[in-house]
Amino acid sequence: MWIPSKNPPAEVPLASFAASNRVQEAWVSVGWPGPDAATRRVVSALRGKGITVHALGGDPGWVEDPTLAVAWAKRVAEPGLFSGIHLDIEPWTLPDWKQRADRLLVGLAQAVRRGARATPHRFNVDLAPWLAETHPGGFDAVAGAAQAITLMSYRSSSAGILAYSAVARSRLARVRRPYRLAVETLPTMDSGVGFAGGTRSVMNREISRAEFSLAADSWFKGFAVHDLSGWRALR
């Protein structure tokens, strides 16, 4: 579960919501300055419910200067606070992505690799599934630099999720990287992408169907929900 930095939730209701929805791992957004008092309270409340907590952060500009990812990773790697680091950098959102995609993916792989060397934590990285088709070499390089991958498989049905992530899942098996699939609960401009405006029961049903289909895949480690605010807004 992604927990954004905007309008940070009160830690007790947040932890209760996460526990009641069987969240096992939460990714708490941490800004450039590092963890503040509010972040520490949220982490403590989640850990009090037995939930593993990772530091969430990233900026597309980090692919241009991977040392920024290293600096941030060191800043959030306080002993005993987080159990891992989750990078959400998304260089494909940059305006010159089409012209410089290969180079930007090299920068992303470097940011992940250098950050992982600089801290004792495991690194989980968000990747768009379509990268495995359009830029397979770059996809493999980033996946190989990380210890785990979250595929942003944003579709509103189990069949859509599985179809959209199929090539990426195949490549992750080849590079032997565990992965999670992710669903979207925030509003989007595209239909069929997420569950915003719907119900939790429908989302849970589609997740369960996909999980059943992937039961024999040893690299599949479950689902992630983007994000806390959208999830709580579902009926």
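In this dialogue a biologist asks a modeller how to read several features of a predicted model.

Biologist: Let's start with the sheet. How do its strands pair, parallel or antiparallel?

Modeller: In general, the strands of a sheet pair through backbone hydrogen bonds, in either a parallel or an antiparallel way. Here the sheet is open and has 8 strands, in the order β1-β2-β3-β4-β5-β6-β7-β8, and the pairing is parallel.

Biologist: Which strands stand at the edges?

Modeller: Those are β1 (2-3) and β8 (220-226). Each has a single partner strand, so one side of each has no neighbour in the sheet.

Biologist: Could you show me one pair in detail? Over how many bridges do β3 and β4 pair?

Modeller: Strand β3 (residues 52-57) and strand β4 (residues 84-87) are joined in the parallel sense by 4 bridges. For instance, Leu56 has His86 in β4 as its bridge partner. A helix also packs on the sheet: α8 (residues 200-213) touches β7 (179-184) and β8, and its direction makes about 160 degrees with that of β8.

Biologist: Now for two helices together. At what angle do α1 and α2 cross?

Modeller: Two packed helices are described by the angle between their axes and the distance between those axes. For α1 (residues 11-20) and α2 (residues 37-48), the axes cross at roughly 35 degrees and come within 9 Å. The crossing is right-handed.

Biologist: Which residues of α1 and α2 meet there?

Modeller: From α1 come Glu11, Leu14, Ala15 and Ala18, and they meet Arg41, Val42, Ala45 and Leu46 of α2. By class, this contact has 6 nonpolar residues, 2 charged ones and no polar ones.

Biologist: Let's turn to single residues. Is Val225 buried or exposed?

Modeller: Val225 belongs to strand β8. Its relative accessibility is 7%, and since buried means under 20%, Val225 counts as buried. Beyond residues up to four places away in sequence, Val225 touches Met1, Trp2, Val183, Thr185, Met203 and Trp231. Val225 and Leu181 are 44 residues apart in sequence, with 8.8 Å from C-alpha to C-alpha.

Biologist: And Ser165: what does its side chain reach at 2.8 Å?

Modeller: Ser165 sits in helix α7 (residues 158-174), and its side chain reaches the backbone oxygen of Ile161 at 2.8 Å. The same side chain makes a polar contact with the side chain of Arg169 (2.8 Å).

Biologist: Which residues outside its sequence neighbourhood are in contact with Ser165?

Modeller: Leaving aside neighbours within four places, they are Pro129, Leu151, Ser153 and Leu181. Ser165 is buried, with a relative accessible area of 0%.

How values were computed:
Residues numbered from 1 in each chain as written. Predicted model: local features only at pLDDT ≥ 70, side-chain atom pairs only at ≥ 80, totals over all residues. Heavy atoms only, no water. Axes fitted to C-alpha atoms, helices over the stretch in contact; angles between N-to-C directions. Left-handed = near helix turned anticlockwise from the far one by under 90°. Contact = heavy atoms within 4.5 Å. Nonpolar A, V, L, I, M, F, W, Y, C, P; charged D, E, K, R; others polar. Pairing = 2+ DSSP bridges. Buried < 20%, exposed > 50% of the residue type's maximum accessible area, 1.4 Å probe, protein only. Polar contact = N/O pair within 3.5 Å; in protein donor to acceptor, adjacent residues only side chain to side chain.
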